[in-house]
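Please take a moment to look over the sequence and the model below, and then follow the text one step at a time.

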Amino acid sequence: KEDEKEEEDYEDYGFSKSMKIHQHSKKTKSRIRHNNEVEKKKKKMRQRKAMGGKARKPLLKAIELVRDPQSFAEKLFRVLRSLKKIRFEEKLMFMDLISRLIGVHHVILLNFYSYLQNYLSAHQVEITRVLAILLQACHEQVTEDSIIPIVRTIA
């Protein structure tokens, strides 16, 4: 019964039966390496199959571990607004960090959306990046009153 189950595993995951065929052959380095690779692939496929249709969570472990995200986001936003002589690329990095904090922890920082609205213009070089930052900062708890002006600016 185990042999039938193993054969089904090989067929399910599309692997050749080479591991089964070479079970009693001489153990060479390349064959051992190949068998290990096949085992790893089988394990990954089993994990994916076990996960099913579950969506993957983004890998933002450091942002998830922030103790007080509301005050941290407010401080970062205050620093961003106070810095006058800073390159635009650095401003984008600040905005990206703040938007990820807002998106992951569902922080409400209404002034951030009006600040982003200043950078939503047709002549903006990094408009796609600004839009991505805006999308990261949107969540269910953001009021419509803060989003509608941005939508009008885009349209």
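**Helix α6 and its salt bridges**

In this predicted model, a good place to begin is helix α6, whose 18 residues, at 1.5 Å a residue, should span 26 Å, and the C-alpha atoms at its two ends are indeed 26 Å apart, so the expected and the computed values agree. The helix covers residues 88-105, and just after α6 comes His 106, which takes a positive phi of about 55°.

Which residues of α6 are buried? They are Lys 91, Leu 92, Met 95, Asp 96, Ile 98, Ser 99, Leu 101 and Ile 102. Among the elements that cover these buried residues are α4 (61-64), α5 (69-82), α7 (110-117) and α8. When you look at how such positions recur along a sequence, it helps to remember that an α-helix has 3.6 residues a turn, so residues three or four places apart point the same way.

We can now turn to the charged side chains, for the structure holds four salt bridges, and three of them are described here. In one of them, the side chains of Asp 96 and Arg 100 meet with N and O 3.4 Å apart. Because Asp 96 and Arg 100 are four residues apart in helix α6, about one helical turn separates them. The two partners differ in how they are placed, since Asp 96 is buried, with a relative accessible area of 19%, which lies under the 20% cut-off, whereas Arg 100, at 31% relative accessibility, counts as partly exposed.

A second salt bridge joins the side chains of Arg 129 and Glu 89, with 2.5 Å from N to O. This pair links distant parts of the chain, for Arg 129 lies in helix α8 (residues 127-136) and Glu 89 in helix α6, 40 residues apart. Arg 129 is partly exposed, with a relative accessible area of 25%, and Glu 89 is partly exposed as well, with a value of 31%. Helix α8, which holds Arg 129, is also one of the elements that cover the buried residues of α6.

A further salt bridge is formed by Glu 90 with Arg 87, and here the closest N and O atoms are 3.8 Å apart. Are these two residues buried, partly exposed or exposed? Glu 90 has a relative accessibility of 31% and therefore counts as partly exposed, while Arg 87, at 56%, counts as exposed, because the cut-off for that word is over 50%.

Technical notes. Residues are numbered from 1 along each chain as its sequence is written. This is a predicted model: local features need pLDDT of at least 70, side-chain atom pairs count only at pLDDT 80 or more; totals for chains, interfaces and linings use all residues. Side-chain values use heavy atoms; hydrogens and water are left out. Buried means under 20% relative accessible area, exposed over 50%, partly exposed in between (1.4 Å probe, protein chains only). The expected span of a helix is 1.5 Å times one less than its number of residues. Contact means heavy atoms within 4.5 Å.
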